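Q: Could you take me through one part of this structure up close? I'd like to see how two packed helices sit against each other, and what else ties that region and the rest of the chain together.

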Amino acid sequence: MISRGVTSAIAVVSVVALTLAACGGDRGQGAGGSTSTAAFNAALGKVFNPSDKKGGIVKFANSDDWDSLDPADTYYGYSWNFARLYTRALVMFKVAPGKASEELVPDLAESLGKPGDGGKTWTYKIRKGVRYEDGTEVKAKDVKYNVLRALDRETFPNGPDYFKQFLNLPEDYKGPYKSKGVDTNSGIETPDDHTIVFHLRQAFGGFDYLAQLPQTAPVPEARDTGGKYKEHVVSSGPYMFDKVDPGKRFTLKRNPNWDASTDQNRTALPDGYEVTLKQNADDIDNQLLAGSLQVDVQGTGIQSAKLGTVLNNPDDKARADNPNFPLLWYTSVISTVKPLDNVHCRRAIMYGMDRAGYQLAYGGAVAGGDLASTVLPPLIPGYTKFDLYPAGADNKGDLTKAKDELAQCGQPNGFETNLGYREDRPKEKATAEAFQAALARAGIKLTLRGFPSGDYFAQFCGNPPFVRSNGLGLCINGWQADWNDGFGMLSQIVDSRVIKETGGSSNMSVRIPEVDKMLDQAIAETDKSKREQLWRQIDKRIMEEAVIYPGLYAKSLLVRGQGLTNVFVTQAYGMYDYLSIGLA
(Lines give C-alpha, C1' and ligand atoms only; values in the text may rest on other atoms or scores of the structure.)
Protein backbone atom coordinates (compact mmCIF):
# COMPACT_ATOMS: atom_id res chain seq x y z
CA MET A 1 0.00 0.00 0.00
CA ILE A 2 6.67 2.47 -5.46
CA SER A 3 6.48 6.11 -4.96
CA ARG A 4 4.11 8.30 -6.99
CA GLY A 5 4.00 12.05 -7.27
CA VAL A 6 0.81 14.06 -6.77
CA THR A 7 0.62 14.89 -10.47
CA SER A 8 0.34 11.26 -11.55
CA ALA A 9 -2.17 10.59 -8.79
CA ILE A 10 -4.39 13.45 -10.01
CA ALA A 11 -4.21 12.05 -13.53
CA VAL A 12 -5.33 8.66 -12.27
CA VAL A 13 -8.25 10.11 -10.31
CA SER A 14 -9.38 12.16 -13.31
CA VAL A 15 -9.44 9.03 -15.44
CA VAL A 16 -11.31 7.14 -12.73
CA ALA A 17 -13.94 9.83 -12.34
CA LEU A 18 -14.71 9.79 -16.06
CA THR A 19 -14.80 6.02 -16.14
CA LEU A 20 -17.14 5.72 -13.16
CA ALA A 21 -19.73 7.82 -14.91
CA ALA A 22 -19.72 5.25 -17.70
CA CYS A 23 -19.90 2.24 -15.39
CA GLY A 24 -23.47 2.72 -14.32
CA GLY A 25 -25.33 0.85 -11.62
CA ASP A 26 -24.60 0.75 -7.95
CA ARG A 27 -22.38 -1.32 -5.73
CA GLY A 28 -25.18 -3.04 -3.86
CA GLN A 29 -23.93 -6.33 -2.51
CA GLY A 30 -27.03 -8.17 -1.45
CA ALA A 31 -28.73 -9.20 -4.70
CA GLY A 32 -27.91 -12.93 -4.79
CA GLY A 33 -27.93 -15.28 -7.80
CA SER A 34 -25.14 -16.03 -10.25
CA THR A 35 -23.80 -15.08 -13.67
CA SER A 36 -21.34 -16.43 -16.22
CA THR A 37 -21.14 -13.12 -18.08
CA ALA A 38 -18.02 -11.08 -17.37
CA ALA A 39 -18.95 -7.54 -16.37
CA PHE A 40 -17.97 -4.77 -13.95
CA ASN A 41 -19.17 -5.74 -10.46
CA ALA A 42 -20.25 -9.21 -11.67
CA ALA A 43 -19.02 -10.74 -8.38
CA LEU A 44 -20.85 -8.29 -6.08
CA GLY A 45 -23.94 -9.79 -4.49
CA LYS A 46 -23.80 -12.85 -6.76
CA VAL A 47 -21.55 -15.71 -7.84
CA PHE A 48 -19.48 -15.13 -10.97
CA ASN A 49 -18.76 -18.15 -13.21
CA PRO A 50 -20.42 -20.87 -11.09
CA SER A 51 -18.98 -24.37 -11.47
CA ASP A 52 -18.50 -27.60 -9.52
CA LYS A 53 -15.42 -28.64 -11.53
CA LYS A 54 -12.54 -29.95 -9.42
CA GLY A 55 -8.79 -29.76 -10.08
CA GLY A 56 -5.96 -27.34 -10.76
CA ILE A 57 -3.60 -25.26 -8.64
CA VAL A 58 -4.68 -21.74 -7.70
CA LYS A 59 -1.80 -19.25 -7.60
CA PHE A 60 -1.74 -16.54 -4.92
CA ALA A 61 0.84 -13.81 -4.22
CA ASN A 62 1.52 -11.57 -1.23
CA SER A 63 3.51 -8.32 -1.31
CA ASP A 64 5.09 -9.25 2.02
CA ASP A 65 5.11 -12.18 4.42
CA TRP A 66 2.17 -13.35 6.54
CA ASP A 67 1.98 -12.06 10.08
CA SER A 68 1.68 -15.77 10.91
CA LEU A 69 0.04 -18.90 9.52
CA ASP A 70 -0.54 -20.08 13.11
CA PRO A 71 -4.26 -19.68 13.90
CA ALA A 72 -3.36 -18.41 17.38
CA ASP A 73 -1.17 -15.62 16.03
CA THR A 74 -2.78 -13.84 13.09
CA TYR A 75 -4.90 -10.72 12.68
CA TYR A 76 -4.93 -9.77 8.99
CA GLY A 77 -8.34 -10.21 7.34
CA TYR A 78 -6.83 -11.97 4.34
CA SER A 79 -5.14 -14.43 6.69
CA TRP A 80 -8.44 -15.25 8.42
CA ASN A 81 -10.04 -15.71 5.00
CA PHE A 82 -7.24 -18.03 3.82
CA ALA A 83 -6.89 -19.96 7.10
CA ARG A 84 -10.27 -21.62 6.54
CA LEU A 85 -8.58 -23.74 3.84
CA TYR A 86 -6.47 -25.58 6.44
CA THR A 87 -8.28 -24.99 9.75
CA ARG A 88 -11.81 -25.29 11.08
CA ALA A 89 -13.02 -22.93 13.80
CA LEU A 90 -16.05 -23.67 15.96
CA VAL A 91 -18.28 -21.51 13.77
CA MET A 92 -17.68 -19.38 10.67
CA PHE A 93 -19.21 -16.78 8.42
CA LYS A 94 -21.42 -18.29 5.74
CA VAL A 95 -19.74 -18.94 2.38
CA ALA A 96 -22.10 -16.83 0.29
CA PRO A 97 -22.17 -13.56 -1.65
CA GLY A 98 -23.63 -10.32 -0.35
CA LYS A 99 -25.27 -9.80 3.03
CA ALA A 100 -25.63 -13.56 3.55
CA SER A 101 -21.87 -13.72 4.21
CA GLU A 102 -22.40 -11.88 7.52
CA GLU A 103 -24.42 -14.81 8.90
CA LEU A 104 -22.69 -17.14 11.35
CA VAL A 105 -23.03 -20.88 10.72
CA PRO A 106 -21.61 -23.98 12.48
CA ASP A 107 -18.25 -25.32 11.31
CA LEU A 108 -16.31 -27.60 13.66
CA ALA A 109 -19.26 -27.35 16.05
CA GLU A 110 -22.58 -29.06 15.34
CA SER A 111 -24.50 -25.84 15.95
CA LEU A 112 -24.06 -22.28 17.11
CA GLY A 113 -23.32 -21.89 20.81
CA LYS A 114 -25.89 -22.68 23.49
CA PRO A 115 -25.94 -19.92 26.14
CA GLY A 116 -26.48 -20.50 29.83
CA ASP A 117 -26.29 -18.56 33.09
CA GLY A 118 -27.74 -15.49 31.42
CA GLY A 119 -25.09 -15.48 28.70
CA LYS A 120 -22.09 -16.16 30.96
CA THR A 121 -21.60 -19.75 29.73
CA TRP A 122 -21.49 -20.97 26.12
CA THR A 123 -21.50 -24.64 25.13
CA TYR A 124 -20.50 -26.18 21.81
CA LYS A 125 -20.68 -29.80 20.65
CA ILE A 126 -17.77 -30.83 18.41
CA ARG A 127 -18.65 -32.84 15.30
CA LYS A 128 -17.63 -36.47 15.44
CA GLY A 129 -15.40 -37.87 12.70
CA VAL A 130 -13.42 -34.68 11.99
CA ARG A 131 -9.79 -35.72 11.56
CA TYR A 132 -6.40 -34.09 11.31
CA GLU A 133 -4.08 -34.71 8.39
CA ASP A 134 -2.49 -37.64 10.28
CA GLY A 135 -5.86 -39.36 10.75
CA THR A 136 -6.31 -38.66 14.47
CA GLU A 137 -9.68 -37.33 15.56
CA VAL A 138 -10.19 -33.71 16.58
CA LYS A 139 -11.15 -33.44 20.26
CA ALA A 140 -12.66 -30.65 22.33
CA LYS A 141 -9.45 -30.41 24.37
CA ASP A 142 -7.60 -29.38 21.16
CA VAL A 143 -9.87 -26.35 20.77
CA LYS A 144 -9.33 -25.42 24.40
CA TYR A 145 -5.58 -25.80 24.01
CA ASN A 146 -5.37 -23.37 21.08
CA VAL A 147 -7.54 -20.77 22.82
CA LEU A 148 -5.26 -20.96 25.85
CA ARG A 149 -1.99 -20.86 23.88
CA ALA A 150 -3.24 -17.72 22.08
CA LEU A 151 -3.16 -15.95 25.47
CA ASP A 152 0.66 -16.15 25.49
CA ARG A 153 1.29 -12.75 23.94
CA GLU A 154 5.08 -13.04 24.05
CA THR A 155 5.08 -16.18 21.88
CA PHE A 156 2.03 -15.09 19.84
CA PRO A 157 2.01 -11.27 19.69
CA ASN A 158 -0.58 -11.01 16.92
CA GLY A 159 -4.25 -11.81 17.11
CA PRO A 160 -7.16 -10.31 19.06
CA ASP A 161 -7.49 -10.20 22.85
CA TYR A 162 -11.17 -11.01 23.20
CA PHE A 163 -10.63 -14.28 25.08
CA LYS A 164 -8.29 -12.62 27.56
CA GLN A 165 -11.00 -10.04 28.17
CA PHE A 166 -13.96 -12.39 28.59
CA LEU A 167 -12.80 -15.79 29.85
CA ASN A 168 -13.03 -16.37 33.60
CA LEU A 169 -9.44 -17.55 33.91
CA PRO A 170 -6.98 -16.83 36.75
CA GLU A 171 -5.88 -13.20 36.48
CA ASP A 172 -2.19 -14.04 36.01
CA TYR A 173 -2.71 -16.88 33.52
CA LYS A 174 -0.23 -16.60 30.62
CA GLY A 175 -0.95 -19.67 28.51
CA PRO A 176 0.05 -23.34 28.73
CA TYR A 177 3.80 -22.74 28.25
CA LYS A 178 4.33 -20.21 31.04
CA SER A 179 1.46 -21.27 33.33
CA LYS A 180 1.88 -25.01 32.93
CA GLY A 181 -0.29 -27.04 35.30
CA VAL A 182 -2.61 -24.16 36.24
CA ASP A 183 -6.25 -25.21 36.52
CA THR A 184 -8.14 -23.46 33.72
CA ASN A 185 -11.56 -25.10 34.14
CA SER A 186 -12.89 -21.85 35.59
CA GLY A 187 -12.60 -20.45 32.05
CA ILE A 188 -12.95 -23.44 29.74
CA GLU A 189 -14.20 -26.95 30.48
CA THR A 190 -14.15 -30.03 28.24
CA PRO A 191 -16.37 -32.53 30.08
CA ASP A 192 -16.00 -35.05 27.24
CA ASP A 193 -14.19 -35.41 23.91
CA HIS A 194 -16.89 -33.60 21.99
CA THR A 195 -18.08 -30.86 24.37
CA ILE A 196 -16.46 -27.52 25.21
CA VAL A 197 -17.91 -25.01 27.67
CA PHE A 198 -16.69 -21.41 27.92
CA HIS A 199 -17.21 -19.55 31.22
CA LEU A 200 -17.20 -15.75 30.99
CA ARG A 201 -16.55 -13.02 33.53
CA GLN A 202 -19.56 -11.14 32.23
CA ALA A 203 -22.49 -11.96 29.99
CA PHE A 204 -21.85 -11.49 26.29
CA GLY A 205 -24.64 -12.25 23.84
CA GLY A 206 -22.33 -12.09 20.84
CA PHE A 207 -19.99 -14.90 21.92
CA ASP A 208 -20.54 -16.79 18.63
CA TYR A 209 -18.53 -14.01 16.98
CA LEU A 210 -15.59 -14.97 19.18
CA ALA A 211 -16.14 -18.63 18.32
CA GLN A 212 -15.46 -17.85 14.64
CA LEU A 213 -11.98 -16.53 15.40
CA PRO A 214 -9.06 -18.67 14.11
CA GLN A 215 -8.06 -19.01 17.77
CA THR A 216 -10.82 -21.64 18.15
CA ALA A 217 -9.27 -23.85 15.45
CA PRO A 218 -7.99 -27.06 17.09
CA VAL A 219 -4.29 -27.63 17.78
CA PRO A 220 -3.18 -31.05 19.10
CA GLU A 221 -0.90 -30.42 22.07
CA ALA A 222 1.39 -33.33 21.11
CA ARG A 223 2.12 -31.67 17.76
CA ASP A 224 2.58 -28.13 19.05
CA THR A 225 6.02 -26.61 18.46
CA GLY A 226 5.35 -23.21 20.03
CA GLY A 227 6.61 -20.30 17.95
CA LYS A 228 7.64 -22.69 15.16
CA TYR A 229 4.17 -24.19 14.75
CA LYS A 230 3.49 -21.64 12.00
CA GLU A 231 6.00 -23.51 9.82
CA HIS A 232 3.67 -26.52 9.70
CA VAL A 233 0.18 -26.09 11.09
CA VAL A 234 -1.52 -29.48 11.51
CA SER A 235 -4.52 -29.34 9.21
CA SER A 236 -8.12 -29.93 10.26
CA GLY A 237 -9.46 -28.56 6.95
CA PRO A 238 -9.53 -29.84 3.36
CA TYR A 239 -5.94 -28.77 2.61
CA MET A 240 -2.65 -29.35 4.38
CA PHE A 241 0.78 -27.77 4.06
CA ASP A 242 3.03 -29.49 1.52
CA LYS A 243 6.18 -27.40 1.07
CA VAL A 244 7.05 -24.38 3.21
CA ASP A 245 9.98 -22.09 2.43
CA PRO A 246 9.60 -19.46 5.19
CA GLY A 247 9.45 -15.89 3.90
CA LYS A 248 9.46 -17.01 0.25
CA ARG A 249 6.65 -19.41 -0.65
CA PHE A 250 4.48 -22.29 0.48
CA THR A 251 2.08 -24.76 -1.08
CA LEU A 252 -1.04 -26.56 0.07
CA LYS A 253 -2.22 -29.97 -1.10
CA ARG A 254 -5.33 -31.99 -0.34
CA ASN A 255 -5.72 -33.38 3.17
CA PRO A 256 -6.49 -37.09 2.57
CA ASN A 257 -8.27 -37.35 5.93
CA TRP A 258 -10.71 -34.49 5.37
CA ASP A 259 -14.22 -35.92 5.21
CA ALA A 260 -16.67 -33.83 3.19
CA SER A 261 -19.58 -35.43 5.05
CA THR A 262 -18.49 -33.58 8.21
CA ASP A 263 -18.18 -30.23 6.43
CA GLN A 264 -21.20 -28.37 5.07
CA ASN A 265 -19.23 -25.23 4.20
CA ARG A 266 -16.32 -26.28 1.95
CA THR A 267 -16.41 -27.62 -1.62
CA ALA A 268 -12.60 -27.97 -1.90
CA LEU A 269 -12.52 -27.66 -5.70
CA PRO A 270 -8.82 -26.97 -6.44
CA ASP A 271 -6.20 -29.70 -6.02
CA GLY A 272 -3.98 -27.22 -4.21
CA TYR A 273 -2.64 -23.71 -3.74
CA GLU A 274 0.70 -22.09 -4.52
CA VAL A 275 1.55 -18.92 -2.58
CA THR A 276 4.56 -16.69 -3.30
CA LEU A 277 5.63 -14.10 -0.73
CA LYS A 278 7.36 -10.71 -0.76
CA GLN A 279 6.40 -9.90 -4.35
CA ASN A 280 6.38 -6.30 -5.59
CA ALA A 281 2.79 -5.02 -5.38
CA ASP A 282 2.81 -3.51 -8.88
CA ASP A 283 4.26 -6.75 -10.29
CA ILE A 284 1.39 -8.63 -8.66
CA ASP A 285 -1.06 -6.43 -10.57
CA ASN A 286 0.81 -7.07 -13.84
CA GLN A 287 0.74 -10.83 -13.28
CA LEU A 288 -2.92 -10.75 -12.31
CA LEU A 289 -3.88 -8.91 -15.49
CA ALA A 290 -1.64 -11.14 -17.65
CA GLY A 291 -3.15 -14.34 -16.24
CA SER A 292 -0.03 -15.85 -14.66
CA LEU A 293 -1.52 -15.26 -11.19
CA GLN A 294 -5.09 -15.71 -9.97
CA VAL A 295 -5.28 -13.91 -6.60
CA ASP A 296 -3.59 -11.01 -4.82
CA VAL A 297 -4.08 -12.49 -1.37
CA GLN A 298 -4.08 -9.22 0.62
CA GLY A 299 -7.38 -8.34 -1.06
CA THR A 300 -6.98 -4.57 -0.82
CA GLY A 301 -7.28 -3.97 -4.57
CA ILE A 302 -5.03 -2.96 -7.42
CA GLN A 303 -2.44 -0.22 -7.06
CA SER A 304 -2.89 3.25 -8.53
CA ALA A 305 -0.46 2.55 -11.38
CA LYS A 306 -2.97 0.18 -13.00
CA LEU A 307 -6.23 1.99 -12.27
CA GLY A 308 -6.42 3.66 -15.68
CA THR A 309 -5.55 0.40 -17.44
CA VAL A 310 -8.31 -1.54 -15.73
CA LEU A 311 -11.06 1.04 -15.95
CA ASN A 312 -10.39 2.09 -19.56
CA ASN A 313 -9.85 -1.34 -21.10
CA PRO A 314 -13.27 -2.98 -21.56
CA ASP A 315 -11.92 -6.50 -21.11
CA ASP A 316 -10.05 -5.62 -17.93
CA LYS A 317 -12.95 -3.62 -16.54
CA ALA A 318 -15.23 -6.60 -17.06
CA ARG A 319 -12.99 -8.51 -14.62
CA ALA A 320 -13.19 -5.86 -11.89
CA ASP A 321 -15.34 -5.44 -8.79
CA ASN A 322 -15.63 -2.30 -6.67
CA PRO A 323 -16.93 -3.18 -3.17
CA ASN A 324 -17.21 -1.00 -0.13
CA PHE A 325 -17.02 -2.52 3.33
CA PRO A 326 -16.66 -1.54 7.01
CA LEU A 327 -12.95 -0.70 6.89
CA LEU A 328 -11.25 2.56 7.83
CA TRP A 329 -7.90 3.60 6.38
CA TYR A 330 -6.44 5.78 9.13
CA THR A 331 -3.28 7.00 10.83
CA SER A 332 -2.52 6.59 14.52
CA VAL A 333 -1.32 9.77 16.27
CA ILE A 334 0.72 8.46 19.17
CA SER A 335 0.60 10.45 22.40
CA THR A 336 3.51 8.60 24.07
CA VAL A 337 5.92 10.35 21.66
CA LYS A 338 6.71 14.00 22.44
CA PRO A 339 5.48 16.58 21.60
CA LEU A 340 2.37 14.61 20.66
CA ASP A 341 1.65 14.12 24.35
CA ASN A 342 0.10 17.59 24.00
CA VAL A 343 -3.39 17.45 22.48
CA HIS A 344 -2.86 20.75 20.64
CA CYS A 345 0.13 19.31 18.77
CA ARG A 346 -2.08 16.39 17.77
CA ARG A 347 -4.85 18.71 16.65
CA ALA A 348 -2.33 20.62 14.54
CA ILE A 349 -1.91 17.40 12.55
CA MET A 350 -5.68 17.04 12.22
CA TYR A 351 -6.02 20.50 10.74
CA GLY A 352 -2.77 20.48 8.78
CA MET A 353 -3.24 17.25 6.82
CA ASP A 354 -4.52 17.37 3.25
CA ARG A 355 -7.55 15.07 3.14
CA ALA A 356 -7.70 15.14 -0.63
CA GLY A 357 -4.06 14.07 -0.67
CA TYR A 358 -4.91 11.06 1.49
CA GLN A 359 -7.58 10.04 -1.00
CA LEU A 360 -5.28 10.57 -3.98
CA ALA A 361 -2.65 8.37 -2.38
CA TYR A 362 -5.12 5.48 -2.34
CA GLY A 363 -6.11 6.03 -5.97
CA GLY A 364 -9.10 8.30 -5.51
CA ALA A 365 -12.68 7.64 -4.47
CA VAL A 366 -13.05 4.46 -6.53
CA ALA A 367 -10.00 2.50 -5.43
CA GLY A 368 -9.55 4.13 -2.02
CA GLY A 369 -12.86 5.28 -0.63
CA ASP A 370 -14.73 8.32 0.63
CA LEU A 371 -13.17 11.02 2.82
CA ALA A 372 -13.58 10.17 6.48
CA SER A 373 -14.04 12.35 9.56
CA THR A 374 -15.00 9.67 12.10
CA VAL A 375 -13.60 6.38 13.35
CA LEU A 376 -16.85 4.50 12.76
CA PRO A 377 -17.50 3.83 9.04
CA PRO A 378 -21.03 4.48 7.72
CA LEU A 379 -21.73 0.73 7.39
CA ILE A 380 -21.41 0.21 11.17
CA PRO A 381 -24.65 0.60 13.17
CA GLY A 382 -24.27 3.63 15.40
CA TYR A 383 -22.35 5.72 12.86
CA THR A 384 -23.18 9.43 12.96
CA LYS A 385 -21.63 11.98 10.62
CA PHE A 386 -19.64 14.75 12.32
CA ASP A 387 -16.43 16.65 11.63
CA LEU A 388 -14.44 18.23 14.46
CA TYR A 389 -11.60 19.39 12.18
CA PRO A 390 -13.03 20.86 8.96
CA ALA A 391 -10.52 20.86 6.12
CA GLY A 392 -11.99 23.61 3.98
CA ALA A 393 -14.04 23.46 0.80
CA ASP A 394 -11.10 21.94 -1.11
CA ASN A 395 -10.33 19.40 1.66
CA LYS A 396 -6.71 20.58 1.69
CA GLY A 397 -6.67 21.33 5.42
CA ASP A 398 -6.90 24.49 7.50
CA LEU A 399 -3.38 25.86 7.94
CA THR A 400 -4.52 28.84 10.01
CA LYS A 401 -6.02 26.58 12.64
CA ALA A 402 -3.08 24.18 12.42
CA LYS A 403 -0.66 27.01 13.24
CA ASP A 404 -2.90 28.24 16.03
CA GLU A 405 -2.83 24.76 17.59
CA LEU A 406 0.96 24.70 17.25
CA ALA A 407 1.17 27.95 19.16
CA GLN A 408 -1.06 26.52 21.91
CA CYS A 409 1.15 23.45 22.28
CA GLY A 410 4.29 25.57 22.59
CA GLN A 411 5.66 24.70 19.13
CA PRO A 412 4.89 27.85 17.07
CA ASN A 413 7.56 26.98 14.50
CA GLY A 414 6.46 23.35 14.19
CA PHE A 415 8.23 20.19 15.32
CA GLU A 416 9.80 17.00 14.00
CA THR A 417 8.59 13.42 14.31
CA ASN A 418 8.72 10.10 12.45
CA LEU A 419 5.98 8.37 10.48
CA GLY A 420 5.78 4.58 10.01
CA TYR A 421 4.10 2.77 7.12
CA ARG A 422 4.13 -0.67 5.48
CA GLU A 423 6.92 -0.48 2.92
CA ASP A 424 5.52 -3.18 0.61
CA ARG A 425 2.29 -1.20 0.09
CA PRO A 426 2.60 1.58 -2.53
CA LYS A 427 -0.61 3.22 -1.35
CA GLU A 428 0.72 3.58 2.19
CA LYS A 429 4.02 4.96 0.91
CA ALA A 430 2.10 7.52 -1.12
CA THR A 431 0.01 8.37 1.95
CA ALA A 432 3.18 8.88 4.00
CA GLU A 433 4.48 11.25 1.32
CA ALA A 434 1.16 13.11 1.31
CA PHE A 435 1.43 13.61 5.08
CA GLN A 436 5.02 14.78 4.71
CA ALA A 437 4.12 17.38 2.07
CA ALA A 438 0.94 18.60 3.77
CA LEU A 439 2.29 19.00 7.30
CA ALA A 440 5.47 20.72 6.04
CA ARG A 441 3.22 23.66 5.15
CA ALA A 442 2.63 24.18 8.87
CA GLY A 443 6.27 23.61 9.84
CA ILE A 444 5.86 19.97 10.94
CA LYS A 445 8.74 17.91 9.55
CA LEU A 446 8.18 14.20 9.08
CA THR A 447 10.85 11.55 8.52
CA LEU A 448 9.31 8.53 6.78
CA ARG A 449 10.16 5.01 7.90
CA GLY A 450 8.94 1.92 6.06
CA PHE A 451 8.55 -1.45 7.76
CA PRO A 452 7.52 -4.92 6.51
CA SER A 453 3.84 -5.83 6.74
CA GLY A 454 4.44 -9.23 8.29
CA ASP A 455 6.04 -7.77 11.44
CA TYR A 456 4.43 -4.31 11.34
CA PHE A 457 2.41 -4.85 14.51
CA ALA A 458 4.59 -7.37 16.34
CA GLN A 459 7.94 -5.56 16.04
CA PHE A 460 7.39 -2.03 14.78
CA CYS A 461 4.31 0.21 14.92
CA GLY A 462 2.40 -2.17 17.18
CA ASN A 463 5.33 -2.50 19.60
CA PRO A 464 5.16 0.35 22.17
CA PRO A 465 8.84 0.19 23.30
CA PHE A 466 9.98 0.37 19.66
CA VAL A 467 7.56 3.23 18.98
CA ARG A 468 8.85 5.26 21.92
CA SER A 469 12.56 4.59 21.38
CA ASN A 470 12.29 5.41 17.67
CA GLY A 471 10.06 8.46 18.04
CA LEU A 472 7.25 7.15 15.83
CA GLY A 473 4.65 9.86 16.29
CA LEU A 474 2.49 8.64 13.40
CA CYS A 475 1.78 5.18 12.00
CA ILE A 476 -0.39 4.45 8.98
CA ASN A 477 -2.95 1.76 9.57
CA GLY A 478 -6.21 0.25 8.41
CA TRP A 479 -8.92 -1.61 10.27
CA GLN A 480 -11.92 -3.67 9.21
CA ALA A 481 -14.54 -4.65 11.73
CA ASP A 482 -14.10 -8.17 13.10
CA TRP A 483 -17.87 -8.31 12.71
CA ASN A 484 -20.35 -5.68 11.68
CA ASP A 485 -21.19 -3.77 14.84
CA GLY A 486 -19.62 -1.10 17.04
CA PHE A 487 -17.87 -3.53 19.35
CA GLY A 488 -16.49 -5.57 16.44
CA MET A 489 -15.16 -2.35 14.90
CA LEU A 490 -13.88 -0.45 17.92
CA SER A 491 -12.80 -2.68 20.76
CA GLN A 492 -9.41 -3.85 19.45
CA ILE A 493 -8.30 -0.40 18.23
CA VAL A 494 -9.56 1.98 20.94
CA ASP A 495 -9.46 -0.02 24.20
CA SER A 496 -6.21 0.84 25.99
CA ARG A 497 -6.26 -2.53 27.75
CA VAL A 498 -5.41 -4.37 24.50
CA ILE A 499 -2.11 -2.44 24.14
CA LYS A 500 0.70 -4.96 24.69
CA GLU A 501 4.19 -3.85 25.74
CA THR A 502 5.53 -7.07 24.17
CA GLY A 503 4.25 -6.04 20.71
CA GLY A 504 1.38 -7.07 18.50
CA SER A 505 -0.88 -4.17 19.53
CA SER A 506 -3.71 -3.41 17.11
CA ASN A 507 -4.40 -0.27 19.19
CA MET A 508 -1.37 1.98 18.68
CA SER A 509 -2.57 5.29 20.03
CA VAL A 510 -5.84 5.36 22.02
CA ARG A 511 -5.18 5.48 25.77
CA ILE A 512 -8.33 7.09 27.18
CA PRO A 513 -9.69 5.56 30.44
CA GLU A 514 -13.09 7.14 29.80
CA VAL A 515 -13.32 5.24 26.50
CA ASP A 516 -12.47 1.97 28.25
CA LYS A 517 -15.35 2.55 30.68
CA MET A 518 -17.77 3.40 27.86
CA LEU A 519 -16.80 0.20 26.04
CA ASP A 520 -17.62 -1.83 29.15
CA GLN A 521 -20.90 0.02 29.50
CA ALA A 522 -21.80 -0.67 25.86
CA ILE A 523 -21.07 -4.41 26.18
CA ALA A 524 -23.43 -4.65 29.15
CA GLU A 525 -26.17 -2.55 27.51
CA THR A 526 -29.02 -4.72 26.17
CA ASP A 527 -30.95 -1.88 24.54
CA LYS A 528 -29.78 -1.62 20.91
CA SER A 529 -30.44 2.10 20.50
CA LYS A 530 -28.67 2.95 23.76
CA ARG A 531 -25.74 0.73 22.81
CA GLU A 532 -25.40 2.45 19.44
CA GLN A 533 -25.51 5.84 21.16
CA LEU A 534 -22.51 4.76 23.23
CA TRP A 535 -20.59 3.86 20.05
CA ARG A 536 -21.26 7.41 18.83
CA GLN A 537 -20.02 8.91 22.10
CA ILE A 538 -16.85 6.80 21.98
CA ASP A 539 -16.20 7.89 18.40
CA LYS A 540 -16.55 11.58 19.30
CA ARG A 541 -14.39 11.24 22.42
CA ILE A 542 -11.55 9.70 20.39
CA MET A 543 -11.73 12.47 17.83
CA GLU A 544 -11.70 15.13 20.59
CA GLU A 545 -8.37 13.71 21.76
CA ALA A 546 -7.05 13.63 18.16
CA VAL A 547 -5.33 10.24 18.56
CA ILE A 548 -6.65 8.85 15.26
CA TYR A 549 -6.59 10.65 11.92
CA PRO A 550 -9.41 9.05 9.91
CA GLY A 551 -8.46 8.94 6.25
CA LEU A 552 -10.98 7.02 4.16
CA TYR A 553 -14.08 4.91 4.48
CA ALA A 554 -12.64 2.13 2.36
CA LYS A 555 -13.49 0.87 -1.08
CA SER A 556 -11.31 -1.25 -3.32
CA LEU A 557 -10.98 -2.20 -6.96
CA LEU A 558 -10.49 -5.95 -7.12
CA VAL A 559 -9.62 -7.94 -10.25
CA ARG A 560 -10.83 -11.50 -10.79
CA GLY A 561 -8.03 -13.85 -11.84
CA GLN A 562 -8.35 -15.47 -15.24
CA GLY A 563 -9.90 -18.92 -15.21
CA LEU A 564 -11.41 -18.67 -11.70
CA THR A 565 -14.84 -20.08 -10.96
CA ASN A 566 -17.30 -19.37 -8.12
CA VAL A 567 -15.93 -15.89 -7.50
CA PHE A 568 -17.76 -13.48 -5.20
CA VAL A 569 -16.98 -10.80 -2.66
CA THR A 570 -17.63 -11.79 0.94
CA GLN A 571 -18.72 -8.89 3.11
CA ALA A 572 -17.31 -10.73 6.12
CA TYR A 573 -13.76 -10.09 4.87
CA GLY A 574 -14.25 -7.35 2.24
CA MET A 575 -12.51 -9.34 -0.52
CA TYR A 576 -13.07 -12.45 -2.63
CA ASP A 577 -14.04 -15.51 -0.63
CA TYR A 578 -11.03 -17.85 -0.86
CA LEU A 579 -13.02 -20.88 0.26
CA SER A 580 -15.35 -20.89 -2.74
CA ILE A 581 -13.07 -20.38 -5.73
CA GLY A 582 -12.11 -23.06 -8.24
CA LEU A 583 -10.43 -23.23 -11.64
CA ALA A 584 -12.13 -23.69 -14.99
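A: Sure, and keep in mind that this is a predicted model. Let's start with helix H9 (residues 343-352) and helix H12 (residues 399-408), which pack at an angle of about 170 degrees with their axes 8 Å apart. Angles over 145 degrees count as roughly antiparallel, and H9 and H12 are therefore roughly antiparallel to each other.

Now for who touches whom. On the H9 side you'll find His344, Arg347, Ala348, Tyr351 and Gly352, and they meet Leu399, Lys401, Ala402, Glu405, Leu406 and Gln408 of H12. It's a mixed bag: five of the residues in this contact of H9 with H12 are nonpolar, three are polar and three are charged.

There's a covalent link here too. Cys345 is joined to Cys409 by a disulfide, with 2.2 Å from S to S. Cys345 sits in helix H9, while Cys409 is in the loop between H12 and strand S17 (416-422), so the pair links distant parts of the chain, 64 residues apart. The link of Cys345 and Cys409 is right-handed, with 80 degrees about the S-S bond. As for exposure, Cys345 counts as buried because its relative accessibility is 0%, and Cys409 also counts as buried, at 10%.

The structure holds two disulfides, and the other one joins Cys461 to Cys475, with 2.1 Å from S to S. This one is left-handed, at -75 degrees about the S-S bond. Cys461 lies in the loop between helix H14 (456-460) and helix H15 (464-469) and Cys475 in strand S19, so this pair ties together parts that are 14 residues apart in sequence. Both Cys461 and Cys475 are buried. If you number the bonded cysteines in sequence order, the pairing reads 1-2, 3-4.

Strand S19 (472-480) turns up again around helix H16 (residues 486-494), as part of what covers the buried residues of that helix. Others in that cover include helix H4 (162-166), strand S15 (324-333), helix H17 (513-524) and helix H18 (528-545). H16 itself is mostly covered, with nine of its nine residues buried; among them are Phe487, Met489, Leu490, Ile493 and Val494, along with Ser491 and Gln492. At the start of H16, Asp485 has a side-chain oxygen within 3.2 Å of the backbone nitrogen of Phe487.

Definitions and conventions
Residues numbered from 1 in each chain as written. Predicted model: local features only at pLDDT ≥ 70, side-chain atom pairs only at ≥ 80, totals over all residues. Heavy atoms only, no water. Axes fitted to C-alpha atoms, helices over the stretch in contact; angles between N-to-C directions. Helix = DSSP H or I, 4+ residues; strand = E, 2+ residues; numbered from the N terminus. Parallel < 35°, antiparallel > 145°, perpendicular 65-115°, else oblique. Contact = heavy atoms within 4.5 Å. Nonpolar A, V, L, I, M, F, W, Y, C, P; charged D, E, K, R; others polar. Buried < 20%, exposed > 50% of the residue type's maximum accessible area, 1.4 Å probe, protein only. Polar contact = N/O pair within 3.5 Å; in protein donor to acceptor, adjacent residues only side chain to side chain. Disulfide = S-S within 2.5 Å.
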